[in-house]
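Visitor: I'm new to this one and would like to look around it with you. Could you put it up so that I can ask as we go?
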Amino acid sequence: MKKIIIIGGGIAGLAAAYRIQRKISSGTPLECSLLEGGDQFGGKIATERSEGFIVERGPDSFISQKPAAIQLCEQLGIADHLVGTNAGTPSTYVYTGGKLVSMPDGLSLMIPTKFLPFALTPLFSWAGKIRMAFDLVIPKKVDESDESLASFIRRRMGEEALRKMAEPMLAGIYASDPETMSIGSTFPMFVETERKYRSLIIGMLARKKAMLLNANKRPANNYTLFMTLKDGLGEMVEAIIKKSPDIQFQSGARVESISGKEGDWCVKLEGGGENKADALILATPGHITAQLLQPVAPNAAEILKQIKYVSTATVTLAYKREGFSHALDG
Ligand SMILES: Cc1cc2nc3c(=O)[nH]c(=O)nc-3n(C[C@H](O)[C@H](O)[C@H](O)COP(=O)(O)OP(=O)(O)OC[C@H]3O[C@@H](n4cnc5c(N)ncnc54)[C@H](O)[C@@H]3O)c2cc1C
């Protein structure tokens, strides 16, 4: 029987394990173990449930436009635990000029698609608004080379759009500097929109129209753009482990090195111990995968080393509701 070892027990490794479990359940003869270096499974997903609070130390939601996470929840039988954002409190605020200013209504991936709210918003100066509207006439980029997120937004919509929208809304997702982020890797939909429609505003309006037309054809679902699970994203981790009885999940099993070749791999653990496998799935962060691959696939390791990582800290604060007189819109 073929043996597969998955290295890394974050959501990527766990999803791979569940996929293999489904193969085993449908009769494919496979043996599989997942080796996780830490004490717990889930990787960046770390849900703490304490004193009635659900605290996410890492990710708190996923985007429903990419269907994989929703599909996984459906397969795991936890789709009835999915919760969306609160429709009654849709505002997003940007802290600028010493106060919170609400984003205008009608922004689609930060591109304005409604004239009036955009024209009236105090978030942008008139010069900034006029510069953003230039997007309607600016020609598209001729060559297909990559550029930074900052350069792309500056070129199409100007400096103010970059500082007040792209930086907080888009670069924030990656905890990164828009001057060093590749637009092609992080927001390829903008590049595609420019190539197809020239203008981002025209492109977003066309997409919105197409979505409205298609809405009648698709089965109705209640998914909002961001979705999470009732008891936190940790539910996904717990469900995968519970529903994968044929996978051997090992925590505290940090892989030190891999050697061998396709069909004959040897995985060495820190502190001793060896495992043999026909195939490996590496689901570790890029820089760790690079170290592991260096002896067996140096070219791939060099590419992986180029992916930059930053460290982040998550601070969660809880307040009593009665301390606020307003409706908590946002
Ligand atoms: C604070 C924060 C908030 C985020 N918010 C969101 C969000 O809201 N929505 C969203 O979609 N994404 C979000 N992300 C990104 C998302 O969490 C990650 O992209 C995703 O969880 C990565 O999953 P992964 O399985 O690829 O890697 P990881 O979760 O990093 O898992 C890798 C695993 O490999 C293990 N490992 C490492 N080295 C070894 C080794 N040598 N041997 C064995 N095991 C090893 C690690 O212990 C870890 O468990 C956020 C990230 C952070 C940090």
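Visitor: What is the distance from a backbone N or O atom of Ser 61 to a nitrogen atom of the ligand?
Guide: The distance there is 2.7 Å, and it counts as a polar contact, a pair of N or O atoms within 3.5 Å. Please keep in mind that this is a predicted model, where local features need pLDDT of at least 70 and side-chain atom pairs count only at pLDDT 80 or more, while totals for chains, interfaces and linings use all residues. Residues are numbered from 1 along each chain as its sequence is written, and side-chain values use heavy atoms, with hydrogens and water left out.

Visitor: Which ligand atom lies 3.3 Å from a backbone N or O atom of Asp 60?
Guide: For Asp 60 the partner is an oxygen atom of the ligand, whereas an N or O atom in the side chain of Arg 254 is 3.4 Å from a nitrogen atom of the ligand.

Visitor: And which residues come nearest to the ligand?
Guide: Of the 25 residues around the ligand, the nearest are Ala 12, Glu 36, Lys 44, Ser 61 and Val 255, where a residue counts if one of its heavy atoms lies within 4 Å. By class, this shell holds 10 nonpolar, 11 polar and four charged residues.

Visitor: Changing topic, where is Glu 274?
Guide: Glu 274 sits in strand β15, residues 274-277, a strand being a DSSP run (E) of at least two residues and a helix one (H or I) of at least four, numbered from the N terminus.

Visitor: What does Glu 274 touch?
Guide: Leaving aside residues up to four places away in sequence, Glu 274 touches Cys 266, Val 267 and Lys 268, with contact meaning heavy atoms within 4.5 Å.

Visitor: How far apart are Glu 274 and Leu 200 in space?
Guide: They are 53 Å apart, C-alpha to C-alpha, and 74 residues apart in sequence.

Key
Polar contact = N/O pair within 3.5 Å; in protein donor to acceptor, adjacent residues only side chain to side chain. Nonpolar A, V, L, I, M, F, W, Y, C, P; charged D, E, K, R; others polar.
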